[in-house]
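Reader: Could you take me through one part of this fold up close? I'd like to hear about the open sheet and how its strands sit together.

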Amino acid sequence: MAESPSGPPSDDDMLQALARHLSRDGGAVRLDSPGSADLSWHSILDCRIRRTTETRSETPRTEKGRKDLTALPTYTHIAGYRPGPPGDHGTTRRIELVREGSVHHRTCECGNGEWACGRCEGRGSLPCDPTTACPDCRGLEPCAECGGTGTPRPRPKGGDRAGKPASGAVPRRVRCAKCRRPEAACRTCAGRGRTECSQCKGTGLVDCPKCGAGGTVAHDACAGSGVVTTWMGGLIEQRSRGEVVRRPRRRPPFRVRLRTARSGHWRKAELTGDDALPGDLDATHAEALEPHLAPRAGEVHRTVVLRHLPLARITVPTDPDRVFYAFPGSAGIEVLPLPSRRRVARVVAIAAAVLVVAVLLLRLLV
Ligand SMILES: [Zn+2]
Ligand SMILES: [Zn+2]
Ligand SMILES: [Zn+2]
Ligand SMILES: [Zn+2]
Ligand SMILES: [Zn+2]
């Protein structure tokens, strides 16, 4: 066989394979003279690139309380830290670090975790009005005689006293505590218009609801612990992304894809870092991959997994109804004949003509 065992097949390898294929139908076919066949390459490339880029940063950190950071990995120089292998495809990985010797547990400015209550300013109580408007008269008409002032209003001549109860009924009004007139004042406030505040029982002070009368609350800056932890935190963020490169851009016919997927002798390679592209790669494939192999900003890891298959499309002028695809198979070069576009067009034209005749016949008969 003419195919070289290591490198990709040449034009001659493909043409000889086609000549052998055509000779099977009887008679020796030769395709080595100029113009006897037309060959073009449509080699297939299927390549997946996984790239990991990262950023590194350092920030002074502060946390409330005595924070245990022993579980975090430490570093001396953020640039020198070596994280493990990058994460899976399409993931983002965050690695939190602590700079060696930077962790301090400081006593908080509050000393013991307690801090004067901001609501009552440390007093433990809040001022409250010792009285409230009378719930019965709402302070509007506490006494019919004096209106809560203590000085009775002059009575109109012959007029009835306001609030005088009907005979036999419970008197609705009582003696006014201010003007001393009987049956004139509101029963609840006795003409004062206000009653003792139920909140403060008339003392004028209520317990502060925030500190519960203690005057202090847990200090927010240290979460009540009296301690603040400070350290220098390092952060490494890694992002992995996948790229796909396929050639040719215009994919081969479906039957060719099916057959090559099943029996093509695909060449495979997996490259990491600065590994060179395989030497047997088609020049157009190498050209297509080149821009993808330039390292991106912050790139720390790259894997290139590719498979490729030489594929030639051959037409023979003396056989215009067929087009041939040739590719290396498991046992030498395989040839797949497909109907040419000319043949397909003719079949379609014949089918259309048959349809027209059928329609005409149908119309004659109906
Ligand atoms: Zn504190
Ligand atoms: Zn308080
Ligand atoms: Zn009160
Ligand atoms: Zn009164
Ligand atoms: Zn009242």
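Author: Before we get to partners, one bit of vocabulary: two strands count as paired if DSSP finds at least two bridges between them. Also keep in mind that this is a predicted model.

Okay, the sheet. It's an open one with 4 strands, and reading across you get E1-E17-E18-E19, with antiparallel pairing. Out at the edges are E1 (38-41) and E19 (332-339); each has a single partner strand, so one side of each is left without a neighbour in the sheet. Neighbouring strands aren't quite lined up either: ignoring direction, they're turned by 25° against each other on average.

Now zoom in on E17 and E18. E17 covers residues 312-315, E18 covers residues 322-329, and the two run antiparallel with 4 bridges joining them. Want a spot to click on? Try Thr 315, whose bridge partner in E18 is Val 323.

Something also packs on this sheet: helix H1, residues 11-23. H1 touches E1, E17, E18 and E19, and its direction makes about 65° with that of E19. As a general rule for looking at such strands, side chains in a regular strand alternate between the two faces of the sheet.

While you have the model open, have a look at E16 (residues 299-309) too. Strand E2 (residues 44-64) pairs with E16 in the antiparallel sense over 10 bridges, and there Thr 52 has His 301 as its bridge partner. E15 (residues 267-272) also pairs with E16, again antiparallel, over 6 bridges. In that pairing, Lys 268 stands opposite Arg 307 of E16.

Conventions
Residues numbered from 1 in each chain as written. Chains lettered and ligands numbered in written order. Predicted model: local features only at pLDDT ≥ 70, side-chain atom pairs only at ≥ 80, totals over all residues. Axes fitted to C-alpha atoms, helices over the stretch in contact; angles between N-to-C directions. Contact = placed C-beta atoms within 7 Å.
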